[in-house]
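Reader: Before I look at the model, could you show me how to read a ligand site, going from single atom pairs to the pocket as a whole?

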Amino acid sequence: MTVCLSGFMGSGKSFLGRALADALPARRFIDLDAFIEETAGKSIPDIFREEGEARFRALEQDCLEQLLVPAAEGGLILSLGGGTMMAPACAGLVRKHACCIYLKASEDTLVERLLGTDLPGRPLLEGATDAQALRRKVRALLQARSATYEACADAVIQTDGRTADELLAALLSLPCLSAGI
Ligand code: S3P
């Protein structure tokens, strides 16, 4: 069954998705954000800037459908965007066609991780020019989203204070991945 990794920006969805696919050669990895960019022929910041968030969300749903519906029986590992599960239609697709793993991280962990990443590549964090501003944005979004991440997950992996190897081992022990395929 397809495995979807969900969670906030900076929770490690893409990194761990790729690591899982490396550990499980029968599975292939797709990053939903990268697939959207390829489909649209432009970057996510450009889609937001030129066409708006609503258009991005429509593309996100279309791409998710294209990937999940034909791949329901296949060995796909799909890292979602941080907002994908907030759209009821997208959450419904994931619930129907995949096993959903929520990579949970605290506000502190997310701020620390996001500070070292490509912030301009994440339009929802635009304007977070210092750590305090970033923390305010992360806090507000996380408060609005946490319950949905939890409610839509088949499994929750707590990522705070754990190394990549520990997280990979925890993921590989989950029923939807432990069969080794
Ligand atoms: C978003 C998260 C991003 C990307 C877009 C919107 C969100 O993905 O889909 O910028 O709403 O949280 P990542 O979680 O991979 O950064």
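Author: Let us begin with a term: a polar contact is a pair of N or O atoms within 3.5 Å. The model shown here is predicted, and in it an oxygen atom of the ligand lies 3.2 Å from a polar backbone atom of G83.

Reader: Which other residue offers a backbone N or O atom to an oxygen atom of the ligand, and at what distance?

Author: That residue is G82, whose backbone N or O atom is 2.8 Å from an oxygen atom of the ligand. A side chain takes part as well, since an N or O atom in the side chain of R57 is found 2.7 Å from a ligand oxygen atom.

Reader: How much of the accessible area of the ligand does the protein cover?

Author: On its own the ligand has 390 Å² of accessible area, and the protein covers 96% of this.

Reader: Which residues come nearest to the ligand, and what classes make up the shell?

Author: A residue belongs to the surroundings if one of its heavy atoms lies within 4 Å of the ligand. There are 13 such residues, of which K13, D33, R57, R122 and R145 come nearest, and by class the shell holds five nonpolar, three polar and five charged residues.

Reader: Where does the ligand sit, and how much space is there?

Author: The ligand sits in the largest pocket, which holds about 640 Å³ of space. Its lining counts 32 residues, with M9, G10, K13, D33 and R122 closest to the centre. The elements that contribute two or more residues to this lining are α1 (13–23), α2 (32–40), α3 (44–51), α4 (53–68) and α8 (164–172), and α1 provides the largest share, four residues. Sorted by class, the lining of the largest pocket has twelve nonpolar, nine polar and eleven charged residues.

Reader: What does the second largest pocket look like in volume and lining?

Author: The second largest pocket encloses about 160 Å³ of space, and its lining has seven nonpolar, one polar and three charged residues. Among the residues that line the second largest pocket are P45, F48, R49, R122 and E126.

Technical notes:
Residues are numbered from 1 along each chain as its sequence is written. This is a predicted model: local features need pLDDT of at least 70, side-chain atom pairs count only at pLDDT 80 or more; totals for chains, interfaces and linings use all residues. Side-chain values use heavy atoms; hydrogens and water are left out. A polar contact is a pair of N or O atoms within 3.5 Å; within protein, one must be able to donate a hydrogen and the other to accept it, and residues adjacent in sequence count only if both atoms are side-chain atoms. Accessible areas come from the Shrake-Rupley method with a 1.4 Å probe; for residues, only the protein chains shown count as cover. On a 1 Å grid over the protein atoms alone, a cavity is a set of points where a 1.4 Å probe fits but cannot get out, and a pocket is an open set with protein on both sides within 12 Å along at least five of seven lines; lining residues have an atom within 4 Å of a point. A molecule sits in a cavity or pocket if more than half of its atoms lie within 2 Å of its grid points. Ala, Val, Leu, Ile, Met, Phe, Trp, Tyr, Cys and Pro count as nonpolar, Asp, Glu, Lys and Arg as charged, and the others, Gly among them, as polar. Grid points are joined across faces, edges and corners, and a volume is the space filled by probe spheres set on the points.
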